Amino acid sequence: MFVRRKKNSSGSFSVQIIQKVGRINKVVKSIGSSFDEMELDILERQAKLEIEKIQGQAFLFSNDRDKSLKSILSNVGNNEIELVGPDSVLGNVYESIGYHEIGVDNLFRELVMSRLVYPGSKLKTVDYLSRFKNQEVSVYSIYRYMDKLHKEFKEKIERTTFKHFAQILGGQIGLVFYDMTTLYFETPDEDDLRKIGYSKDGKHQHPQIKLGLLVGPQGYPLGYDIFEGNIYEGYTLIPVLENIQKKFSIGKPIVIADAGLLSNANIHALISNGYKFVLGGKVRSESNQIKDEIQALELTEDNPREVKKDGYRLVVSFSQKRQKKDAHNRKKGIEKLEKKVKNGKIDKNSINNRGYNKYLKLESEVKVAIDYEKYELDARWDGLKGYLTNTDMKAKEVIAAYGNLWHIEKAFRISKTDIRIRPIYHRIPERINTHICICFVSYAVFKELERLLKKAKVSFSANRAIELTKSMYQIRVLLPESKTYTTIPLKPTSEQLELIQAIRKN
């Protein structure tokens, strides 16, 4: 009996056990079929074991052949066991986007893989390459590489990323979503880029940079820019839009952004540059006239309404779920305030419009109390949400478009938790830029992996898929007769096999 690969009409190969009967090859058993070389190797090894079982020879180390195998395996060292999951799965996704065609060398690929699998400092990357890839790379060679990479390849990387996801989105970018976040540094020193400013991470004593990220529908990355840490958030939007439009010659997409970018300067800049927009509105901060008009609207869950504001449309929606959340948050806020007032931890200097301090009032020259009437009046705004727009989209379309802004919030969450873009230990601008670039590519690979898994209808998430790659190994052994080395991938679990097939099919 022997093992045969037979090519199928679909292009895959079947692995069969064949027995020669006279001049005829008879199929004894079909083991399985696959398009993938690694899976076919595994199926062939299974077939050989099956032949031994059929022939009555499958007794562990009971004959000379098994003893020889035992001897071979006993000489396999730890440095001959290699992690192949990240490269074979995530590396395949990396190449499907086209990053391998832009001229970056293999070290960039390894930096992206390690950022997805074992994110952390560059010292941790060196440890990952040594322990799991049997590659000895010094941290200083990584630093030197990072010093030159950003300048040479950043634009190519952005172009490749944009081209791929624009194609996924049908070739046209109708909507773009923008947000900005802060990234802090462990070092206390400021410079031209790293500045102390308002930190969304609560790290106000640390110098930081600001990262503006532009994504398309489904959270697919389109481009990014880095800004000084003390720049006003509103000043970052137009430069990022102009950068993307200039590089990729796209039309004027509708810009979706949250209330943090709602300012007269930003609105004027968007309009003067020809952009349509949907911005989160601050209904409680509107003029008294606008607030009176909003309160007069007959709003229901499925019936958003709108008022005119400065020539634009302010769409207002109502949600019972949001109403309950707003009421709950106000109650928690007032309870904390009551506790501080009771303990004497608040004085007249605390009376301002920041947060729930707006409910404080001065009853005498020295006594601070809570204005419960103001607290109760605020309940009128529970459940209301505003959206300022200059589009001709219907009210429900405006709300639906803004509702997709959570994709960019998820993008930042993935970047900060799964890829660990922060904290940043670098201080040289070139290395900072390269670090952000590596994280941008890592996020793009993550999103493409997520898309492929969804398309294949697999039973697990992208995070689970990355975990599965961490236990996919191969061993390198010396064959005693030919005196040559061969690599043997270890048999994947059912989940790992499902992952491999999902990636290979696309």
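Two packed helices are described by the angle between their axes and the distance between the axes. In this predicted model, a good example is the pair formed by helix α14 (residues 429-456) and helix α15 (residues 462-469), which pack at an angle of about 100° with their axes 9 Å apart. Angles of 65 to 115 degrees count as roughly perpendicular, so α14 is roughly perpendicular to α15. On the α14 side, the contact is made by Phe 446, Leu 449, Glu 450 and Leu 453, which meet Ala 462, Asn 463, Ala 465 and Ile 466 of α15. Sorted by character, the residues of this contact comprise six nonpolar, one polar and one charged.

Stepping back to the chain as a whole, the model contains 16 helices and 16 strands. Of its 506 residues, 48% count as buried. The protein chain exposes about 26,600 Å², and carbon and sulfur atoms supply 48% of that area. Among contacts between residues at least 6 apart in sequence, 61% join residues at least 24 apart.

One of the open sheets has three strands in the order β1-β2-β3, with antiparallel pairing. Its edge strands are β1 (2-7) and β3 (24-34), each of which pairs on one side only. Neighbouring strands of this sheet are turned by 35° against each other on average, direction ignored. Between β1 and strand β2 (residues 13-21), the antiparallel pairing extends over six bridges, and Arg 4 has Gln 16 in β2 as its bridge partner. Helix α1 (residues 37-54) packs on this sheet and touches β1, β2 and β3. The direction of α1 makes about 135° with that of β3.

Another open sheet of three strands brings together distant parts of the numbering, with the order β4-β15-β16 and antiparallel pairing. Here β4 (81-83) and β16 (485-489) stand at the edges with a single partner strand each, so one side of each has no neighbour in the sheet. The twist averages 25° from one strand to the next. Strand β15 (residues 473-478) runs antiparallel to β16, and five bridges join the two. Within this pair, Leu 478 stands opposite Tyr 485 in β16.

Strand β14 offers a further view of strand pairing. Five of the six residues of β14 are buried, so the strand is mostly covered. Strand β9 (residues 277-281) runs antiparallel to β14 and is joined to it by four bridges; here Val 278 has Thr 389 of β14 as its bridge partner. Strand β11 (residues 312-318) is also antiparallel to β14, with six bridges between them, and Val 315 is matched with Tyr 387 of β14.

The chain then continues into a loop. Met 393 lies in this loop, between β14 (384-389) and α12 (395-403). With a relative accessible area of 14%, Met 393 is buried, because the cut-off for a buried residue is under 20%. Leaving aside residues up to four places away in sequence, Met 393 touches Ile 254, Arg 313, Val 398 and Ala 401. Met 393 can also be placed relative to Val 278, the residue already met as the bridge partner of Thr 389. The two residues are 115 apart along the chain, and their C-alpha atoms are separated by 9.7 Å.

Notes
Residues numbered from 1 in each chain as written. Predicted model: local features only at pLDDT ≥ 70, side-chain atom pairs only at ≥ 80, totals over all residues. Heavy atoms only, no water. Axes fitted to C-alpha atoms, helices over the stretch in contact; angles between N-to-C directions. Parallel < 35°, antiparallel > 145°, perpendicular 65-115°, else oblique. Contact = heavy atoms within 4.5 Å. Nonpolar A, V, L, I, M, F, W, Y, C, P; charged D, E, K, R; others polar. Buried < 20%, exposed > 50% of the residue type's maximum accessible area, 1.4 Å probe, protein only. Pairing = 2+ DSSP bridges. Areas by Shrake-Rupley, 256 points an atom, 1.4 Å probe, with all protein chains shown as cover.
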